[in-house]
Amino acid sequence: MKASCSVRCVSETDIAATAETADPGLPQAPGAELYPALDLANSAIALPGGQFLDALGTPSGANQWLVNHHLAPADAGIQEICAARLRSLREQVRALLAAQVGGNPAPTTALAAVNDALTRVPTASPLGWDPVRGMHRTAPHPIDQIVDQALGILAADAADLLTGPDAERLTACPSTPCNRYLLRAGRRHWCSVRCGDRARAARAYARRTQTTAD
């Protein structure tokens with residue numbers, strides 16, 4: 001049985017995941033406005049200088065991310081265990097995107113995780129019984145229900161992206177150390193102007209270094 005999202009349960013892994021959550025000032029990667037799952041995959045950003053920004057690194061950050069994507073109300077009260085579930089789905093979606101971009105087989109664990117999220121979307125209240133009320137319809141904890149619904153929507157969106165016509169446009173930003181994914185549009189294959197400028201600067205530096213060495 002999965003733990004309730006209403007219970008605060010922080011493991012060492014969860015603590016490690018709560019990296020700096022400041023806004024890096026980057027715009028959404030191309031295509032992320034169409035696919036929330038792509039924005040989910042890009043919610044942990046590697047920046048120059050070894051900086052790492054995680055929009056889902058804290059419960060409040062995860063809550064705000066869900067609110068921004070119309071997947072939860074502002075007062076949902078997301079706890080750490082729910083934020084950890086969202087981060088876990090993100091890593092599995094990233095694994096599937098990486099397989100798609102690299103032309104590799106989809107990891108079975110990532111497929112299983114996405115399918116599990118799809119099947120957990122609540123469709124009906126289960127039947128329960130207790131001595132006071134007798135037979136009655138029960139419901140999951142409201143926060144559980146919100147998170148299950150959000151995870152199911154994001155998993156379905158990832159499946160749509162990976163199987164639809166935009167799948168062939170999916171690529172990884174080639175500007176080191178960027179780890180974001182995007183949909184190519186024309187000749188553009190960087191996720192932002194900043195990454196494009198950094199890549200061009202790196203190429204120019206490499207040419208100057210080569211010329212000096214010669």
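**Exercise 1. Determine how strands S3 and S4 are paired in this predicted model, and how they are joined.**

Solution. Start with the limits of the two elements: S3 covers residues 127-130, and S4 covers residues 134-137. Next, establish the sense of pairing. In this predicted model, S3 and S4 run antiparallel to each other and are held in register by four bridges. One of the pairs can then be named: Leu127 has Arg137 in S4 as its bridge partner. Finally, inspect the connection, which is a hairpin of three residues leading from S3 to S4.

**Exercise 2. Decide whether Trp129 is buried or exposed, and identify the surface patch to which this residue contributes.**

Solution. First place the residue: Trp129 lies in S3. Then compare its accessibility with the cut-off. A residue is called exposed when its relative accessible area is over 50%; Trp129 reaches 57% and therefore counts as exposed. The last step is to look for nonpolar neighbours on the surface. Leu127, Trp129 and Met135 together make a nonpolar patch of about 420 Å².

**Exercise 3. Describe the hairpin of S1 and S2 and the cover on the two faces of S1.**

Solution. Begin with the pairing: S1 and S2 (residues 51-54) are antiparallel, with four bridges between them. Within this pairing, Ala46 is matched with Phe52 of S2. Turn next to the link. Three residues stand between the strands, and in this hairpin Gly49 adopts a positive phi near 80 degrees. For the faces, sort the residues of S1 (44-47) by side: Ala44 and Ala46 point to one, Ile45 and Leu47 to the other. All four are buried, and thus both faces of S1 are covered.

**Exercise 4. Find which helices supply at least two residues each to the lining of the second largest pocket, and which element gives the most.**

Solution. The pocket in question has a volume of about 200 Å³. List its lining: Ala84, Arg85, Ser88, Leu89, Gln92, Ala113, Asp116, Ala117, Arg120 and Leu151. Now assign residues to helices. H4 (80-102) and H5 (108-119) each provide at least two of the lining residues. H4 makes the greatest contribution, with five residues.

**Exercise 5. Examine the backbone at His70 and at the bond from Thr176 to Pro177.**

Solution. Take His70 first. This residue is located in the loop between H3 (59-68) and H4. Its phi is positive, about 60 degrees, although His70 is not a glycine. With a relative accessibility of 75%, above the 50% cut-off, His70 is therefore exposed. Now consider the peptide bond from Thr176 to Pro177, which is cis and has omega near 5 degrees. Pro177 belongs to the loop between S5 (170-172) and S6 (181-183).

**Exercise 6. Establish where Ala32 is placed and how far its C-alpha lies from that of Leu182.**

Solution. Ala32 sits in the loop between H1 (12-17) and H2 (36-41). Its relative accessible area is 3%; since buried means under 20%, Ala32 is buried. For the distance, compare sequence with space: Ala32 and Leu182 are separated by 150 residues along the chain, whereas their C-alpha atoms are 7.0 Å apart.

**Exercise 7. State how many helices and strands the protein has, and in what order they occur.**

Solution. Count the elements: there are seven helices and six strands. Read from the N terminus, their order is α-α-β-β-α-α-α-β-β-α-β-β-α. To complete the account, of the 214 residues in the protein, 42% are buried.

How values were computed:
Residues are numbered from 1 along each chain as its sequence is written. This is a predicted model: local features need pLDDT of at least 70, side-chain atom pairs count only at pLDDT 80 or more; totals for chains, interfaces and linings use all residues. Side-chain values use heavy atoms; hydrogens and water are left out. Buried means under 20% relative accessible area, exposed over 50%, partly exposed in between (1.4 Å probe, protein chains only). Two strands pair if DSSP finds at least two bridges between them. Patches are made of residues with over 30% relative accessible area and no salt bridge: like charges are joined within 9 Å, nonpolar side chains (Val, Leu, Ile, Met, Phe, Trp, Tyr) within 5 Å. Accessible areas come from the Shrake-Rupley method with a 1.4 Å probe; for residues, only the protein chains shown count as cover. A salt bridge is a side-chain nitrogen of Lys or Arg within 4 Å of a carboxyl oxygen of Asp or Glu. On a 1 Å grid over the protein atoms alone, a cavity is a set of points where a 1.4 Å probe fits but cannot get out, and a pocket is an open set with protein on both sides within 12 Å along at least five of seven lines; lining residues have an atom within 4 Å of a point. Grid points are joined across faces, edges and corners, and a volume is the space filled by probe spheres set on the points.
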